[in-house]
Amino acid sequence: MRRVLSTSARGGTGDEERTAAREFPDAHASRESRASRESRESRETLRTEFPFELPRGYVDDAGTVHRSGVMRLATARDELIPLRDDRVRENAAYLSVVLIARVVSRIGTVDDIHPGVIEDLFASDLAFLQDFYRRINAEGHTRAAVTCPSCQENFAVDLAGGGRPGES
């Protein structure tokens, strides 16, 4: 039996592999599950939208505070078109406002996101969105390394939110 398994492991004939599968079902099952996993991973789609929670929130004209939102991955067009905007030509700092407005698809129930909405955000929320943009577009994830101020323990926090406070 040992000879059949080692021959099969070296790429033996189909008969030897079938014999090995009958005699050592666990080894055959793990080979199938590995192939199944690899196939499933190759079929996974690219994640293009990322939920977030603003630190303070967008306050609309009615006084409603909106904190949760969705940002999508930026395209090359998203980064090029704002360069033609007159407001950006006059003030380069305005580039981030126009760019963030292009990639944020929703804040709370507000789904008409334009530069005016981004201009009305608190500075801490704009800074959060700028960092979030950088993380998902340059680093490919929404995790940040942090250190607990009390115990100095290092851990990762998902900036997208969605979990309970204190969970990483």
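Does Gln152 count as buried or exposed, and at what relative accessibility? In this predicted model, Gln152 counts as exposed because its relative accessibility is 51%, and the cut-off for exposed is over 50%. Gln152 sits in the loop that links β4 (143–147) to β5 (154–158). Its backbone also stands out. Most residues other than glycine have a negative phi. Gln152 is not a glycine, yet its phi is positive, near 65 degrees.

A three-stranded sheet lies elsewhere in the chain. The sheet is open, and its strands follow the order β1-β2-β3 with antiparallel pairing. β1 and β3 are the edge strands, each pairing on one side only. On average, neighbouring strands of this sheet are turned by 25 degrees against each other, direction ignored. Strands of a sheet pair through backbone hydrogen bonds.

The β1 and β2 pairing comprises seven bridges, between residues 49–59 and residues 65–72. Val59 stands opposite Val65 of β2. These two strands form a hairpin, with five residues between them. In the turn, Gly63 has a positive phi of about 90 degrees. On the other side, three bridges join β2 to β3 (residues 104–107), again antiparallel. Gly69 has Ile107 of β3 as its bridge partner. Met71 is matched in the same way with Val104 of β3.

Helix α8 lies across β1, β2 and β3. Relative to β1, the helix runs at about 170 degrees. α8 has 17 residues and reaches 23 Å from its first C-alpha to its last. That span is close to the 24 Å expected at 1.5 Å a residue. The buried residues of α8 are Asp125, Leu126, Phe128, Leu129, Phe132, Tyr133, Arg135 and Ile136. An α-helix has 3.6 residues a turn, so residues three or four places apart point the same way. Leu129 and Phe132 are both on the buried list, as are Leu129 and Tyr133.

Leu129 illustrates the packing of this helix. Leu129 lies in α8, which covers residues 123–139. Leu129 counts as buried because its relative accessibility is 0%, and the cut-off for buried is under 20%. Beyond residues up to four places away in sequence, Leu129 touches Phe52, Leu54, Met71, Ile100, Val104 and Leu121. Two of these contacts, Met71 and Val104, are also bridge partners, with Val104 in β3. Ile118 lies eleven residues from Leu129 along the chain, and their C-alpha atoms are separated by 9.6 Å.

Technical notes:
Residues are numbered from 1 along each chain as its sequence is written. This is a predicted model: local features need pLDDT of at least 70, side-chain atom pairs count only at pLDDT 80 or more; totals for chains, interfaces and linings use all residues. Side-chain values use heavy atoms; hydrogens and water are left out. Helices (H or I, at least four residues) and strands (E, at least two) are DSSP runs, numbered from the N terminus. Buried means under 20% relative accessible area, exposed over 50%, partly exposed in between (1.4 Å probe, protein chains only). Contact means heavy atoms within 4.5 Å. Two strands pair if DSSP finds at least two bridges between them. The expected span of a helix is 1.5 Å times one less than its number of residues. Axes are lines fitted to C-alpha atoms, for helices over the stretch in contact, and angles run from 0 to 180 degrees between N-to-C directions.
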